[in-house]
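User: Please take a close look at the empty spaces in this structure and at the place where the ligand sits. I would like one connected account that I can follow with the model open beside me.

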Amino acid sequence: MKTIALYPGSFDPITNGHLDILERATRLFNTVIVTVAVNNKKDAVFTGEERVELIKECIHDKEWAKQVEVNQFTGLLVDHAQKMKADTLVRGVRQISDFEYEFRMALTNKRLAPEVDTIFLMPDEEFTFISASIVKEVAYWGGDLSSFVPSNVAKALKDKFQDKTE
Ligand code: PNS
């Protein structure tokens, strides 16, 4: 069993699909570091700190949470992986349409840091259509988020979008 894996993403916000991938990763690795990419070029609904806090809140009562660390980074992912002593990156692939982007990203990371591997995990079928952007769209228009995100995330989204839909 490998020891440390990094599960990177924007997590703006974390969804039930991300949580499904995270749980699967904890079955394969001793430690999984969920790392929130904070990229100033990208418009995010939540700050890096808020995204980290939401992730911590929604895993705290899980049996596998003791294997998980949550942090944030800015810059190149492979630099952060090396800093964290992680030699594997975990990414979720929901559909074939995800694969082209994921493949390019994995090959770029491999060129930059040949010792860091990327593995792809599939979420359960019920999560294959969920994405953070779809969740934000539903939240913006006040839709029911209960099957897409944990309740703390649904509340945080509701609070963020309250002013906009009034
Ligand atoms: O959840 P996302 O937005 O699909 O995650 C993409 C992410 C954050 C993993 C990717 O954009 C990333 O690694 N950004 C950091 C910058 C970097 O290392 N880029 C080179 C790899 S393409």
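**The enclosed cavity and the ligand pocket**

Analyst: The largest cavity has a volume of about 50 Å³, and this value, like the others below, is computed from a predicted model. A search of the whole structure finds one cavity of 30 Å³ or more. Its lining is made up of Pro8, Leu77, Leu89, Arg91, Glu102, Met105, Ala106, Asn109, Thr118 and Phe120. Helix α4 gives the largest share of this lining, four residues, while β4, α4 and β5 (117–121) each supply at least two. Sorted by class, the residues that line the cavity are six nonpolar, two polar and two charged.

Several of these names return when one turns to the ligand. Leu77, Arg91, Met105 and Asn109 line the largest cavity, and Leu77, Arg91, Met105 and Asn109 are also among the residues around the ligand. The rest of that shell consists of Gly9, Ser10, Ala37, Lys42, Phe73, Gly75, Leu76 and Tyr101. Helix α4, which spans residues 96–112, again provides the largest share, here three residues of the shell. By class, the shell holds six nonpolar, four polar and two charged residues.

Three polar approaches to oxygen atoms of the ligand can be followed one by one. For serine 10, a polar side-chain atom lies 2.5 Å from an oxygen atom of the ligand. For leucine 77, the atom concerned belongs to the backbone, where an N or O atom lies 2.8 Å from a ligand oxygen. For arginine 91, an N or O atom of the side chain is 2.9 Å from an oxygen atom of the ligand. On its own the ligand has 540 Å² of accessible area, and the protein covers 73% of this.

The space that the ligand takes is the largest pocket, whose volume is about 1200 Å³. This pocket is lined by 43 residues, and those nearest its centre are Gly9, Ser10, Lys42, Arg91 and Tyr101. The elements that give two or more residues to its lining are β1 (2–9), α1 (16–28), α2 (48–59), β4 (88–92), α4 and α5 (132–140). Of these, α4 contributes the largest share, eight residues. The lining of the largest pocket divides into 18 nonpolar, 16 polar and nine charged residues. The residues that lie nearest the pocket centre, namely Gly9, Ser10, Lys42, Arg91 and Tyr101, can also be found in the shell around the ligand.

A further opening remains to be described. The second largest pocket has a volume of about 160 Å³. Ten residues line it, and the closest to its centre are Ala139, Gly142, Gly143, Leu145 and Lys158. Both α5 and α6 (151–165) supply at least two residues of this lining, and the largest share, five residues, comes from α6. In terms of class, the lining of the second largest pocket has five nonpolar, four polar and one charged residues.

To bring the two main sites together, α4 gives the largest share of the lining of the largest cavity and likewise the largest share of the lining of the pocket whose space the ligand takes. Arg91 is a useful residue to follow on the model, since Arg91 lines the cavity, lies among the residues nearest the centre of the largest pocket, and has a side-chain N or O atom 2.9 Å from a ligand oxygen.

How values were computed: Residues are numbered from 1 along each chain as its sequence is written. This is a predicted model: local features need pLDDT of at least 70, side-chain atom pairs count only at pLDDT 80 or more; totals for chains, interfaces and linings use all residues. Side-chain values use heavy atoms; hydrogens and water are left out. A residue is near a molecule or strand if one of its heavy atoms lies within 4 Å of it. A polar contact is a pair of N or O atoms within 3.5 Å; within protein, one must be able to donate a hydrogen and the other to accept it, and residues adjacent in sequence count only if both atoms are side-chain atoms. Accessible areas come from the Shrake-Rupley method with a 1.4 Å probe; for residues, only the protein chains shown count as cover. On a 1 Å grid over the protein atoms alone, a cavity is a set of points where a 1.4 Å probe fits but cannot get out, and a pocket is an open set with protein on both sides within 12 Å along at least five of seven lines; lining residues have an atom within 4 Å of a point. A molecule sits in a cavity or pocket if more than half of its atoms lie within 2 Å of its grid points. Ala, Val, Leu, Ile, Met, Phe, Trp, Tyr, Cys and Pro count as nonpolar, Asp, Glu, Lys and Arg as charged, and the others, Gly among them, as polar. Grid points are joined across faces, edges and corners, and a volume is the space filled by probe spheres set on the points.
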